[in-house]
Every structure is written in C-alpha cells, then in structure tokens.
Amino acid sequence: MRLSSIPYSASINLLQCNKSVPCNRLLADTNLIQQNSPGHIIYTPIVQKIKKNIENITLENAEKYGFNEMLFPVLMETKLLDASGKTQEYADEFYAPSDSKGNLIISPTTEERLIDFVARSGVLSYKSLPMRFSQVSNVYRNLKRTEGLYKSREISCVVLTAIDKDNATYLQTMKDFRLLCEESFKQMGIPNFYIQDKMSGAVEFFYTTELADRPLSKSIINNFGNKNKFETQELFGSLSMGYPFKQSENFNLFYTDNRGTRKKPVVSTYGIGTQRCIHTLFEQAKNGRTDAFSPAVRPFDVDIIVLSKDTQHAQIKILAEQLQKNKIHYCIDDRNNSMKDKMRFSEFFSIPCRIIIGDKEIAQQQYSVKPLTVNEPMYVDIAKAIELVKQLTIERVR
C-alpha cells in the first residue's frame, strides 16, 4: 500500500498526539476515520486493515469453539421484532427504509433473523444441538448522541448466537464464549476484565477508557437473576457481552428430545464490539505504548520510508516485490510529510521494521533497515534486508 494513494493521507500527522487529545478527536482530526453524517463511520484503508484483523481473530476463535459463520441482510421484517417484543424497546432508534407497506426495518438487532431462519427449517432433533453461529454485522440505531467509534449509529460488531437443548449445555456455551473473548482480547493486546452473573451465566467484558460511560452496576448481567452488587462506582467501557435470549420463546422454535418429546431450546446471544476494540488500541497508542498494536492486529509489518524525490525508483519496486513474494505486510510511506512524521507513524502503529530509502541508499544500492527499538540503522543489500525483516516480523500470529 502506497500511503500517498490514500485520500487525506498527508493529514495523518501523529506527532502532536498526546494524552490530552481525546482518542475520538485524534482519529477524526487525522482523517483515519471520517463520518459522512454523524454516527456513520467511514473506515479509511489503514483502520480498515486493523478492523479486518480484529474480525479475523474473533471469527477464527469462534470457529474453534464451534460457531459457524453466516451472513444475514441488513433489512429485516418488522414482524420479527414484534415477535421478540423489542419493537417498543428500540422504537425511538429505528431507521426505516422507503418501504411503503412498513414491512421492513434496518436491523437494530440480529437474533430474531437467525431464530426465524432456523425455525423455518422445521422441528430440530436433539442430535443437531447445540447449534452455534457467528456473523460480522452492522446494526443500526439512531442514537441522539454519538462519539465517533465509541458510540455510533452504525455499529460494527461480531455477533454470535447459540441454540442449546438445556441449561447445562447453555452454560457450557457461555463458558466457551468467555474463553473465546479471553483468547481474542489477548491476541489483540487489549487489557480487560469480566464480570459474570452466577445465576443466569450472563457475562460482560470491560476495559478502562477515557470515554468510560458505564458503571458495573449498569452491566447487562443485572438484567438477569439476582442483582449483583459492586463496591466500585468507577465507569468503564464495554467490550463484549453474552446472555440468554429469553424472547426466543415467542418464536415457533422447537426440538425433539431422545424420547420424541417437543421442547423449547435455550437460545443465547453474544456480541464483541469491533469498534470498541479499535478504539482501545488507538487509545493505548495515543497514551505512549509503542506495542499497542499487537502482531495480530497491526496494519503492517514493514514501513518503507521513502526520502528520495524519486518515489518510483526501481529499488523501491524490487523491495516491495520481495516483501510481497514472502507474504510480508508492508506499506510505502511516499508522502511529502517530514521524516519525524513518518517515523512517528511507524512507532504509533507498532510497525517493527522500518526500511529507509533515500538518495544515499539509492546511490549505494543498499537499504537502511531500522528496527522499531533500535536507534542506529543497518545498511544492507536486498537479500540481507529480507532476512532481517523475516526475523523482525516472525511473531505475526497468522
């Protein structure tokens, strides 16, 4: 990826980034994200790479725990929300398309469509349970107040739904979801903690953030079972949650047990906030962590910093081809920005290897390789440069 080919890339100046700059403002001011209208996010190519990495981590872990990926349309039938009893709950947040009969709505939730889809396949057998599904999805809620990625109207997330035959297997699914979250957040490098309701099994993961808006007493887990009491009144940000979807009882969903008796299954729903994950990674980097973007989520492993006026020189092309051949993720920073700005870009995104190509390197037919944690560069030929890059980037998860 040539950074000069990205719109507004010259304004991605992270030199002034410090703790006093709110993360949402930083992302918007540097045009790393944009909004064509309040609450509707445009992910520019760099942030989109991070977003895809987060989704891939989550989906790979979900598949390991038996969640099979599906994809549903954005539009859903209004009657499904009527059946689950959520029509009134989200009435003030609906986005309605131009549907003259009022039969469709832009989806504010995901569970109803999947339950309806499974129910229409007929009565299930106990042998087919549990059923677990995952989906990368956007849901839409016309919120009155938005805060960039932290609180938007178009919410990007990975949603999961499970259908279990009884409470015991549901609790196992809930445990698997909790482990899925722990493993995913560890790979992403996101500090977190969770709270769980002992009676219902409902769970919610939190992280510490400057935009914290939720005390633990307002957690989703207190919508079920006994009210959990928490000593701390601190505010946190929510990363993910899982809970039983009691509204499924309103749908024509049944299974037959080993005696042929029709029974209602236990349906549960889960969500991991992709945008919240992106937000906390940027917040960590903003606050000075040069390892904020873990190997699994960082957008690039190599930053080719071009200082020569000849930004199309063959030496740059040869290096890019070799990196591509070795399946190494790279960018070419050929913007007109200052050297300090370009170096800060690498540092901010935790890119472990920088290769500098200026007039001196071109004249000597060498490359200046500068690891993120080393002050002095190493001047090497193409073969040695690729060898060094492999050593510096071998830790990438996938």
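**Entry 1: strand β7**

I started with strand β7, residues 131–140, and found 7 of its 10 residues buried, so the rest of the structure largely encloses this strand. A reminder to myself before going on: this is a predicted model.

Next I looked up the neighbours of β7. Strand β8, residues 154–164, is joined to β7 by 10 bridges, and the two run antiparallel. I picked one pair to look at on screen: F133 has T161 in β8 as its bridge partner.

Then I turned to strand β3, which covers residues 68–69. I counted 2 bridges between β3 and β7, and here the strands run parallel. For a pair to click on, E69 stands opposite S134 of β7. So my notes on β7 hold one antiparallel pairing, with β8, and one parallel pairing, with β3.

While I had the strands open, I jotted down a general point: side chains in a regular strand alternate between the two faces of the sheet.

**Entry 2: cysteines**

How many disulfides does the structure hold? I found 0. I then checked individual cysteines. C277 is in no disulfide, and the nearest cysteine sulfur to it belongs to C181, 8.8 Å away. A disulfide would need the two sulfur atoms within 2.5 Å. Is C277 buried or exposed? It is buried, at a relative accessible area of 0%.

I did the lookup for C331 as well. C331 is in no disulfide either; its nearest cysteine sulfur is that of C353, at 11 Å. C331 is buried, with a relative accessible area of 0%.

**Entry 3: the whole chain**

I stepped back to the full protein chain and noted 10 helices and 20 strands. Its C-alpha atoms fill a box of roughly 80 × 50 × 45 Å along the principal axes, which I wrote down for setting up my view.

For burial, I have 54% of the 398 residues counted as buried. The accessible surface is about 18600 Å², and carbon and sulfur atoms account for 49% of that.

I also looked at how contacts spread along the sequence. Taking contacts between residues at least 6 apart, I found that 71% join residues at least 24 apart. The pairing of β3 (residues 68–69) with β7 is a handy place to look at on screen.

Last came the charges. I have 52 positive and 45 negative ones in the protein chain, and their mean positions lie 2 Å apart.

Technical notes
Residues numbered from 1 in each chain as written. Predicted model: local features only at pLDDT ≥ 70, side-chain atom pairs only at ≥ 80, totals over all residues. Heavy atoms only, no water. Helix = DSSP H or I, 4+ residues; strand = E, 2+ residues; numbered from the N terminus. Buried < 20%, exposed > 50% of the residue type's maximum accessible area, 1.4 Å probe, protein only. Contact = heavy atoms within 4.5 Å. Areas by Shrake-Rupley, 256 points an atom, 1.4 Å probe, with all protein chains shown as cover. Lys, Arg positive; Asp, Glu negative; His and termini not counted. Charge placed at Lys NZ, Arg CZ, Asp CG, Glu CD. Pairing = 2+ DSSP bridges.
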